[in-house]
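This report is an introduction for a reader who has not met this structure before. Please keep the sequence and the model in view while reading.

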Amino acid sequence: MAGVKAFSDVATLVDLLTWRVRETPDGEAYRWFDAARGTWRGATWAEFAARVASARTAIAASGAAAHGDRFAILMPNGIEHATMDQAAMSLGLVLVPMHAIDNPESIVYILNDSAATVLLVETLERWTAIASAGTALPHLKLVLVAEGLAAPATATANGPKVQDLIRWREDLGRGSAVPEAPLAPGDLSAIVYTSGTTGRPKGVMLTHGNVVANVKAIAERLPADASDMFLSFLPLSHTFERTAGYYYPIARGACVAFARSTKDLPEDLKTVRPTLLASVPRIYERFHAAIMKDVGEHGIRRMLLDLTVAIGHRRFEARQGRAGPVPVAYELLWPLLDRFVAQRIRDQLGGRMRVGV
């Protein structure tokens, strides 16, 4: 890492975070909703790095995973997910991100297929369902429960130790700081499993170099900086969100806000007011359907919306160099259409969004 002086020198995902923290330690890195306090909280890059360092020390002290071992995460997007993800990776562990709502049988299969030694899970109930699936997990040594346990730790006779994540990190993370492991671009960063809809899930092996190359390619095509805000709601078990909504913001120093849920997405958009949004088509289709239902199929409102879309698209194509000059009549109409139609729609997405992927 000593030789990484610029983004172009970054070779691994651990390099990426370390470089970002050094470049903009006081910039806001993450924002999340604290349900216990009923408010949104945030962390700077320096504060996030301290969280990661403590978690790295705890993982190393636990003895449950060594360089190259698999670290499975079964959690919704959030600050704990990101913290443990980065801490595990900085020790040379291979991440196994899993879809938070997958069924227990599929989860057990992935845990055994990847030979995961540590599992981070949201609730004890979730772990109980996995453990009750009836299949042995011979590789698993440690289960960390994010939402807390009544007792500090539990264990079955032949099963993994089950611990409260926060207590575990507080107890083991106080020791001497553990340095980042030396990594090369060819080292595995993660095994991302397919959905399993056409058979058993298949693990896709992604190296640090794979992901860093994608991040750098995005940076060439999609300008972003520390003034930008991302809203993360697609599962981090998918490579699209991991790359475009997680690692890329680190590269640009942009803040990522973790949405509370898909159900709360309309409200979170208005609260967080993202400038960039990475989404699947279904989410955009929902917004489109809601707008169409609101304006109706006929009448002046529908006519104005159709006109706004047509002129707005024509102006966009001109800016992209795919069309000639915008007709003068369109340019004269646009300020009124923008103010009374387009802006009201943009406000539903927070009012600041400049890029939707």
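## Aspartate 34 and its partners

When neighbours within four places in sequence are left aside, aspartate 34 is in contact with Thr39 and Arg41. The model described here is a predicted one, and in it aspartate 34 has its place in strand β1, which covers residues 28–34. Aspartate 34 counts as buried, because its relative accessibility is 12%, and buried is the term for values under 20%.

The contact with arginine 41 includes a salt bridge between the two side chains, with a distance of 3.1 Å from N to O. Arginine 41 itself counts as partly exposed, at 28% relative accessibility, whereas its partner aspartate 34 is buried. The pairing also belongs to a wider arrangement, since Asp34, Arg37 and Arg41 are linked in a network of salt bridges.

## Other salt bridges

Side chains of opposite charge can pair when their charged atoms come close. The count for this model comes to 16 salt bridges, and two further examples are described here. Arginine 167 forms a salt bridge with aspartate 164, and the closest N and O atoms of this pair are 3.9 Å apart. Arginine 167 is partly exposed, with a relative accessible area of 32%, while aspartate 164 is buried, with a relative accessible area of 6%.

Glutamate 317 forms a salt bridge with arginine 322, and here the closest N and O atoms are 2.8 Å apart. Glutamate 317 counts as buried at 17% relative accessibility, but arginine 322 is exposed, with a relative accessible area of 52%.

## Two pairs of packed helices

Two packed helices are described by the angle between their axes and the distance between the axes. Helix α4, formed by residues 104–114, packs with helix α5, formed by residues 124–131, at an angle of about 75 degrees and with the axes 8 Å apart. That angle makes α4 roughly perpendicular to α5, a description used for angles of 65 to 115 degrees. On the α4 side the contact is made by Pro104, Ile107, Val108 and Leu111, and on the α5 side by Arg126, Ala129 and Ile130.

Helix α7 (residues 208–221) and helix α8 (residues 239–252) have axes that come within 10 Å and cross at roughly 70 degrees. With this crossing angle, α7 is likewise roughly perpendicular to α8. In α7 the residues that take part are Val211, Asn214, Val215, Ile218 and Ala219, and they meet Thr243, Ala244, Tyr247, Tyr248, Ala251 and Arg252 in α8.

## A buried valine in strand β4

Valine 96 is found in strand β4, which runs over residues 94–97, and this valine is buried, with a relative accessible area of 0%. Apart from neighbours within four places in sequence, valine 96 is in contact with Arg70, Phe71, Ala72, Ile73, Ile110, Ser114, Ile191 and Tyr193.

A residue that lies 114 places away along the chain is asparagine 210, and its C-alpha atom is separated from that of valine 96 by 16 Å.

## A nonpolar patch on the surface

Which residues make a nonpolar surface patch of about 280 Å²? The patch is made by Ile300, Met303 and Leu304. Among them, isoleucine 300 lies in helix α11, which covers residues 300–319. Isoleucine 300 is exposed, because its relative accessible area is 53% and the term applies to values over 50%.

Methods. Residues are numbered from 1 along each chain as its sequence is written. This is a predicted model: local features need pLDDT of at least 70, side-chain atom pairs count only at pLDDT 80 or more; totals for chains, interfaces and linings use all residues. Side-chain values use heavy atoms; hydrogens and water are left out. Patches are made of residues with over 30% relative accessible area and no salt bridge: like charges are joined within 9 Å, nonpolar side chains (Val, Leu, Ile, Met, Phe, Trp, Tyr) within 5 Å. Accessible areas come from the Shrake-Rupley method with a 1.4 Å probe; for residues, only the protein chains shown count as cover. A salt bridge is a side-chain nitrogen of Lys or Arg within 4 Å of a carboxyl oxygen of Asp or Glu. Helices (H or I, at least four residues) and strands (E, at least two) are DSSP runs, numbered from the N terminus. Buried means under 20% relative accessible area, exposed over 50%, partly exposed in between (1.4 Å probe, protein chains only). Axes are lines fitted to C-alpha atoms, for helices over the stretch in contact, and angles run from 0 to 180 degrees between N-to-C directions. Angles under 35 degrees count as roughly parallel, over 145 as roughly antiparallel, 65 to 115 as roughly perpendicular and the rest as oblique. Contact means heavy atoms within 4.5 Å.
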